[in-house]
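Me: I have a structure here, and I would like to go through how its labels are earned. Could you walk me through them?

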Amino acid sequence: MSNNLTSRKEDYSKWYNDIVKKAGLAENSEVRGCMVIKPYGFALWENMRDVLDRMFKETGHQNAYFPLFIPKSFLSKEAAHVEGFAKECAVVTHYRLKNDPNGGGVIVDPEAKLEEELIVRPTSETIIWSTYKNWIQSYRDLPLLINQWANVVRWEMRTRLFLRTAEFLWQEGHTAHATKEEAVAETEQMLEVYAKFAEEYMAMPVIRGVKTASERFAGAEETYCIEAMMQDGKALQAGTSHFLGQNFAKAFDVKFADKDNKMEYVWATSWGVSTRLIGALIMAHSDDEGLVMPPRIAPLQVVIVPIYNKDAEARQKIDNTAADIMRALRAKGISVKFDNDDTTRPGWKFAEHELRGVPVRIALGARDLENNQVEVARRDTKEKASYQLDGLTDAVAQLLDDIQQNLYNRALQFRAEHTTKVDSWDEFVKVLDEKGGFVAAHWDGTPETEEQIKEKTKATIRCIPLNNEQEAGVCILTGKPSIQRVLFARAY
RNA sequence: CGGGAAGUAGCGCAGGCCGGUAGCGCAUCUGGUUUGGGACCAGGGGGUCGCAGGUUCGAAUCCUGUCUUCCCGACCA
């Protein structure tokens with residue numbers, strides 16, 4: 001059996017690219033740095049989106065939509081913010097084309113220059129806060145809890161499908177609060193929503209933490225994050241939630257009258273996850289045979305593959321049984337497809353659905369039906385077993401739960417095995433080079449040391465875990481005193 | 001944006017030094033036989049060789065430019 005997939009061991013990057021393309025998730029487009037998300041990949045995104053959207057609404061948020069274009073002057077109102085994004089912005093300078101008088105197709109009409117250039121949003125804080133100014137007058141208007149699903153553009157120099165593309169899809173929540181405490185609570189609540197989504201739906205354990213000052217979002221007071229570990233031992237930031245303090249309120253003059261009729265600046269948060277989660281999902285679970293989808297987020301949970309022979313009567317019986325199974329599974333809310341395409345043979349279908357990561361495969365042929373059973377294969381372990389038709393629906397539902405749990409446990413164990421406490425510089429470098437993963441080490445708390453460690457090892461501080469154990473020690477680089485270990489890793 | 005590699009049929013590649021009517025495998029189409037881990041036989045179709053210039057009687061091949069992708073650096077969700 002050969003699926004022409006590069007193995008993880010051989011070349012991890014190539015394996016990742018092969019999976020994305022061959023499983024039909026996405027492909028590179030004609031536009032530099034941009035991808036086409038194909039139907040299977042988009043179905044996955046839709047599932048993620050639907051679950052998250054429900055979670056946002058359960059926590060009191062509403063969706064809205066703000067413009068793709070941001071006047072250039074808006075971006076410069078918050079100093080740290082513009083500093084952070086200026087280097088990767090696409091800029092609209094003209095609004096019209098015309099025929100090239102020299103006959104070379106169309107050219108930008110030099111007469112149609114915009115008075116003020118428009119920035120294609122790299123994130124929407126500025127346009128949103130300039131709007132919120134008009135929406136907020138009194139404490140009665142607070143909290144303002146808005147989310148938007150949108151595309152954003154960051155002109156990246158080096159791109160990788162899903163992990164880093166010039167344009168990507170995401171959601172960005174933007175909230176305004178009367179007090180600092182409330183805004184911090186919102187930031188933490190949304191981080192927990194992300195963590196829950198990653199762990200319970202994507203079966204991907206994450207570390208909840210806060211970023212150091214140098215890794216902080218441009219314009220934030222504090223950036224909270226969830227960090228996941230990929231199978232090559234590299235870390236991946238899977239979601240962020242920012243406490244923005246009053247920075248944007250001050251930059252855009254967003255004040256409210258409190259109960260004592262005093263004018264106060266509002267407190268803000270923003271939080272987002274993107275199609276990058278798809279990259280995380282792939283690298284957390286998939287194997288050399290292809291994708292492995294966690295059942296709770298899989299576009300397709302069960303596929304039924306018929307094994308026909310020449311006997312037309314048996315064929316009819318297979319079709320009938322498959323229809324019965326499908327009806328019963330669907331009644332339980334399980335997505336299922338009967339792959340009765342007559343142009344490919346069973347072996348082809350097995351390999352194809354493994355490549356696409358369908359969690360459960362049910363095969364049925366004449367031989368099974370004689371015994372009132374089907375063959376059930378699970379994608380995570382590749383185990384096959386015969387199941388009685390009687391009680392099959394419940395058994396499959398149970399199996400999907402088992403797979404979900406097994407994927408989580410497997411990833412959790414991998415992370416545990418690849419998290420190392422280190423107390424010396426030599427050991428630090430050695431672990432990073434030979435083992436990878438998270439390295440828990442003491443750091444003196446200064447950006448200078450952090451920067452030096454990054455230069456020497458390419459490892460960054462992924463986060464300071466929430467509720468981190470306080471433990472006196474000395475910095476692995478400088479030997480200065482430290483109060484706690486932080487998590488280092490090489491990262492995507 | 002610097003250093004390296006590559007772009008030839010839907011996919012994977014050969015041909016290129018040494019210029020002379022574009023080839024292989026898979027896929028696809030037709031017919032038939034098949035179906036429990038990527039079936040077999042026979043016949044057929046499909047390419048302005050990434051794009052634009054140049055050299056030449058003649059360019060996939062030589063030259064120049066340009067675009068895109070991949071790998072390695074600087075930057076980032």
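**Reasoning from values to labels**

Reply: Gladly. Let's begin with Ala-249, which sits in helix α7 (residues 247–251). Keep in mind that this is a predicted model.

Me: Why is Ala-249 called buried or exposed?

Reply: The label goes by relative accessible area, and buried means under 20%. Ala-249 has a relative accessible area of 0%, so Ala-249 is buried.

Me: Which residues does Ala-249 touch, leaving aside those up to four places away in sequence?

Reply: With those set aside, Ala-249 touches Val-254, Tyr-265 and Val-266. A contact here means heavy atoms within 4.5 Å. As for Phe-488, the C-alpha atoms of Ala-249 and Phe-488 are 33 Å apart in space, and the two residues are 239 apart in sequence.

Me: Phe-488 makes me curious about its strand. What is the bridge partner of Ile-461 in β26?

Reply: That partner is Phe-488. Strand β26 (residues 481–489) and β24 pair in the antiparallel sense over 3 bridges. Pairing asks for at least two bridges, so the 3 bridges here qualify.

Me: How do you know that β11 and β24 pair as well?

Reply: The same cut-off of at least two bridges applies. Strand β11 (residues 207–210) is joined to β24 by 2 bridges, so the pair counts, and the strands run antiparallel. One of the residues involved is Gly-209, whose bridge partner in β24 is Pro-465.

Me: What makes β24 largely enclosed by the rest of the structure?

Reply: Strand β24 spans residues 460–465, and 6 of its 6 residues are buried, so the rest of the structure largely encloses it.

Me: Let's turn to the sheet of 5 strands. Why do β18 and β21 count as its edges?

Reply: The open sheet has the order β18-β17-β19-β20-β21, with mixed pairing. β18 (336–338) and β21 (384–388) each have a single partner strand, so one side of each has no neighbour in the sheet. Neighbouring strands of this sheet are turned by 25° against each other on average, direction ignored.

Me: How do you know that β17 and β18 are partners?

Reply: Strand β17 (residues 302–307) is joined to β18 by 3 bridges, and the cut-off is at least two, so they pair; they run parallel. Ile-304 stands opposite Phe-338 in β18.

Me: Which helices go with this sheet, and which strands do they meet?

Reply: Helix α9 (residues 312–331) packs on the sheet and touches β17, β18, β19 (360–365) and β20 (373–378). The direction of α9 makes about 170° with that of β18. Helix α12 (residues 392–417) lies across β17, β19, β20 and β21, and runs at about 10° to β20.

Me: Two loop residues beside β20 caught my eye. Why is Asn-372 called buried, partly exposed or exposed?

Reply: Buried means under 20%, exposed means over 50%, and partly exposed is in between. Asn-372 has 45% relative accessibility, so Asn-372 counts as partly exposed. Asn-372 lies in the loop between α11 (366–370) and β20.

Me: And what makes Lys-382 fall into its class?

Reply: Lys-382 is at 33% relative accessibility, so Lys-382 counts as partly exposed under those cut-offs. Lys-382 lies in the loop between β20 and β21.

Me: What is worth noting about phi in Asn-372 and Lys-382?

Reply: Phi is near 55° in Asn-372 and near 65° in Lys-382. Each is a positive value in a residue other than glycine. Most residues other than glycine have a negative phi, and most peptide bonds are trans.

Me: Speaking of peptide bonds, which kind joins Leu-142 and Pro-143?

Reply: A cis peptide bond joins them, with omega about -5°. Pro-143 is in the loop between α5 (125–135) and β9 (144–153).

Me: To finish, how much of chain A is buried?

Reply: Buried residues make up 52% of the 492 residues in chain A. Chain A has 14 helices and 26 strands, and its C-alpha atoms fill a box of roughly 80 × 70 × 55 Å along the principal axes.

Conventions
Residues are numbered from 1 along each chain as its sequence is written. Chains are lettered from A and ligands numbered from 1 in the order in which they are written. This is a predicted model: local features need pLDDT of at least 70, side-chain atom pairs count only at pLDDT 80 or more; totals for chains, interfaces and linings use all residues. Side-chain values use heavy atoms; hydrogens and water are left out. Helices (H or I, at least four residues) and strands (E, at least two) are DSSP runs, numbered from the N terminus. Axes are lines fitted to C-alpha atoms, for helices over the stretch in contact, and angles run from 0 to 180 degrees between N-to-C directions. Buried means under 20% relative accessible area, exposed over 50%, partly exposed in between (1.4 Å probe, protein chains only).
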